[in-house]
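Here are a few short exercises to work through with the model open beside you. Try each task before reading its solution.

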Amino acid sequence: MSLHILAAIYSSFGWFEEVILVLEWAIQISDPLRGADHALAAFFGHMQFSDMFSMLGQVDRSIACYEERLKI
């Protein structure tokens with residue numbers, strides 16, 4: 001969850017390239033099959049991605065992230 005907080009801080013500064021790197025890392029290290037904590041971390045990662053892409057006007061990428069959330 002620390003990575004999600006770091007991504008939120010980067011986002012508040014408008015450092016979106018860093019947000020992408022941190023969230024990709026957070027999603028990669030989470031394994032939803034290992035339990036609720038991992039599933040929640042992956043879910044939040046995709047949620048932050050979808051919110052960020054929405055703010056940037058990248059609606060297609062935002063929707064794709066929402067679809068990933070639904071899979072979890």
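**Exercise 1. Find out which residues H46 touches, leaving aside its neighbours within four places in sequence.**

Solution. Keep in mind that this is a predicted model.
- Step 1: Skip the residues within four places of H46 in sequence, and the contacts that remain are I27, C65, E68, R69 and I72.
- Step 2: Place the residue: H46 sits in helix 3.
- Step 3: Check its cover. H46 has a relative accessibility of 12%, so it counts as buried, because the cut-off for buried is under 20%.

**Exercise 2. Work out which helices the buried residues of helix 3 pack against.**

Solution.
- Step 1: Look at the helix as a whole. Helix 3 runs over residues 36–55; it has 20 residues and spans 28 Å from first C-alpha to last, close to the 28 Å expected.
- Step 2: Pick out its buried residues, among them A39, A42, G45, H46, F49 and F53.
- Step 3: See what lies against them: helix 1, helix 2 and helix 4 (59–71).
- Step 4: Go just past the end of helix 3, where G57 has a positive phi of about 80°.

**Exercise 3. Decide how the rings of F49 and F53 are arranged: stacked or tilted?**

Solution.
- Step 1: A pair of aromatic rings is described by the distance of the centres and the angle of the planes.
- Step 2: For F49 and F53 the centres are 5.6 Å apart and the planes are at 0°, so this pair is stacked.
- Step 3: Now for the sequence. F49 and F53 are four residues apart in helix 3, about one turn of the helix.
- Step 4: An α-helix has 3.6 residues a turn, so residues three or four places apart point the same way.
- Step 5: As for cover, both F49 and F53 are buried.

**Exercise 4. Do the same for the rings of Y10 and W15, then see what else W15 belongs to.**

Solution.
- Step 1: Count the aromatic pairs: there are four.
- Step 2: In the pair Y10 and W15, the ring centres are 5.7 Å apart with planes at 45°, so the pair is tilted.
- Step 3: Check the cover of each. Y10, at 21% relative accessibility, is partly exposed, and W15, at 41%, is partly exposed too.
- Step 4: Locate W15: it lies in the loop between helix 1 (2–13) and helix 2 (16–29).
- Step 5: Add F13, which forms one aromatic cluster with Y10 and W15.
- Step 6: Turn to the surface. I5, I9, F13 and W15 make up a nonpolar patch there, with about 430 Å² of accessible area together.

How values were computed. Residues numbered from 1 in each chain as written. Predicted model: local features only at pLDDT ≥ 70, side-chain atom pairs only at ≥ 80, totals over all residues. Heavy atoms only, no water. Phe/Tyr/Trp six-rings, centres within 6.5 Å; stacked < 30°, edge-to-face > 60°. Buried < 20%, exposed > 50% of the residue type's maximum accessible area, 1.4 Å probe, protein only. Helix = DSSP H or I, 4+ residues; strand = E, 2+ residues; numbered from the N terminus. Patch = residues over 30% accessible without salt bridge, like charges linked within 9 Å, V, L, I, M, F, W, Y side chains within 5 Å. Areas by Shrake-Rupley, 256 points an atom, 1.4 Å probe, with all protein chains shown as cover. Salt bridge = Lys/Arg side-chain N within 4 Å of Asp/Glu carboxyl O. Contact = heavy atoms within 4.5 Å. Expected span 1.5 Å × (residues − 1).
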